[in-house]
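Colleague: I am new to this structure. Please take me through one part of it closely.

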Amino acid sequence: MGLYDEARAFILECFNELGKRVEETDGRLAAFEEEWLQRATYAPTYEELEHGARMAWRNSNRCIGRLFWKSLNVFDERHLGTPDEVVQALYRHIEFATNAGKIRPTITVFHPSVRIWNHQLVRYAGYETERGILGDPHSVVFTRVCEALGWRGKRTPFDVLPLVVQINGEQPVWFPIPEDMVLEVEIRHSDFPQFEALGLKWYAVPMISDMALEIGGTRYPAAPFNGWYMETEIGARNFADVTRYDRLPKVAALMGLDTKSDASLWKDKALIELNIAVLQSFKESGVTIVDHHTAAKQFERFEQIEMDEGRELTGDWTWLIPPVSPAATHIFHRNYDNTVVKPNYVRQESPF
């Protein structure tokens, strides 16, 4: 499907879902035709951008939290043209989405000429040292990029990386995120006070910033968005993966588990308690989070709604199943069509 056809089809679908009258739809299509004749481009109105971004969340095959797609807050910043203006909008996104812990699903859409180099707006640095990697191994390459641009971290396991903004392919510019803007949660466990000795913490909001938003054939390379965390994303992946913080052995040690044989299931025991610690800590800090069983039930509700609306449900089973006790959820026992439906959020080539 060409860009013209894709844009026209989106407008029709969008206006149908919004319950527009035939006259309104015909008027918008006429305006689109005029725009296309003059510039051969399609620029969504704010209403179309808002609904399109929400549809993109609804169509995100890898997301288990799609039940709440209609609640997405959409900020249109396509008029901004300088790195300073863009970073101020990113600061606003962080503060609005964080909301003192009462997380608000949010997306900020920038002009197609804007690119954000960060994987997430808030992310911890990773440093290569003689003793191994300090911090987040996932961030090692980007940390080197930031250092080459002039940024210097404190070299702790949890240094918040700067924001890196690029306009029109020009030299990228880095900006620090004010410390009081980043809400972090220290990880504790009510049954294992020694958890505190691990010195673990994590930021409150996962704000993905390296994916593009596609609406009606128009691509926005800079469109950071967020929901809230499911506890396994932190406890079973960020903290537990051997390619990330790899803290399971230390958790097992403080629990006094026998780690000599995998048959003792020490990894499973440590993993469960680590996830419990994440859940407890976020809840005690008043930060929105969901456990994987509740999230699976919410997704089941989403599936029913989509069926009732006559929409074909798409999903990536390998991402939808939680990394802890997947067989205890209905998702594990289902098959999903992984066809990509637009509007959607799409992966794009790294700028560095």
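Which residue is the bridge partner of Ile 208 in strand 13? Start there, and show me what lies around it.

Modeller: Keep in mind that this is a predicted model. The bridge partner of Ile 208 is Phe 225. Strand 10 and strand 13 (residues 225-226) run antiparallel, and two bridges join them. In general, strands of a sheet pair through backbone hydrogen bonds, either parallel or antiparallel.

Now the sheet itself. It is open and has four strands, in the order 1-2-13-10. The pairing is mixed. Strand 1 (73-77) and strand 10 (207-208) form the edges, each pairing on one side only.

Two helices pack on this sheet. Helix 3 (residues 46-58) touches strand 1 and strand 2 (106-110). The direction of helix 3 makes about 135 degrees with that of strand 1. Helix 4 (residues 83-98) touches strand 1, strand 2, strand 10 and strand 13. Its direction makes about 170 degrees with that of strand 2.

Take one residue of helix 4, His 93. His 93 has 1% relative accessibility, so it counts as buried. Beyond its neighbours within four places in sequence, its contacts include Thr 106, Ile 107 and Thr 108. Met 207, Phe 225 and Asn 226 are also among them. Phe 225 is the bridge partner of Ile 208, which brings us back to the starting pair. Asp 180 is 87 residues from His 93 in sequence, and their C-alpha atoms are 14 Å apart in space.

Ile 208 also leads to the largest pocket. The volume of that pocket is about 1600 Å³. It is lined by 48 residues, and Ile 208 is one of the closest to its centre, along with Arg 62, Cys 63, Glu 233 and Trp 319. Strand 13 supplies at least two residues of the lining, and so does each of strand 14, helix 6, helix 9, helix 10 (317-320) and strand 16 (344-347).

Arg 62 and Cys 63 bring in a record. UniProt, in an unreviewed entry, lists residues 62-69 for "domain: Nitric oxide synthase (NOS)". That stretch is 0% helix and 0% strand, with its end C-alpha atoms 14 Å apart.

Last, helix 6 (residues 231-238). Six of its eight residues are buried, so the rest of the structure largely encloses helix 6. The buried ones are Glu 231, Thr 232, Ile 234, Gly 235, Ala 236 and Asn 238. Their cover includes strand 9 (201-203), strand 14 (229-230), helix 8 (266-284), strand 15 (289-290) and helix 9 (292-308).

Key: Residues are numbered from 1 along each chain as its sequence is written. This is a predicted model: local features need pLDDT of at least 70, side-chain atom pairs count only at pLDDT 80 or more; totals for chains, interfaces and linings use all residues. Side-chain values use heavy atoms; hydrogens and water are left out. UniProt positions are given in the numbering used here, feature names are shortened, and annotations may be inferred rather than shown by experiment. Buried means under 20% relative accessible area, exposed over 50%, partly exposed in between (1.4 Å probe, protein chains only). Contact means heavy atoms within 4.5 Å. Two strands pair if DSSP finds at least two bridges between them. Axes are lines fitted to C-alpha atoms, for helices over the stretch in contact, and angles run from 0 to 180 degrees between N-to-C directions. On a 1 Å grid over the protein atoms alone, a cavity is a set of points where a 1.4 Å probe fits but cannot get out, and a pocket is an open set with protein on both sides within 12 Å along at least five of seven lines; lining residues have an atom within 4 Å of a point. Grid points are joined across faces, edges and corners, and a volume is the space filled by probe spheres set on the points.
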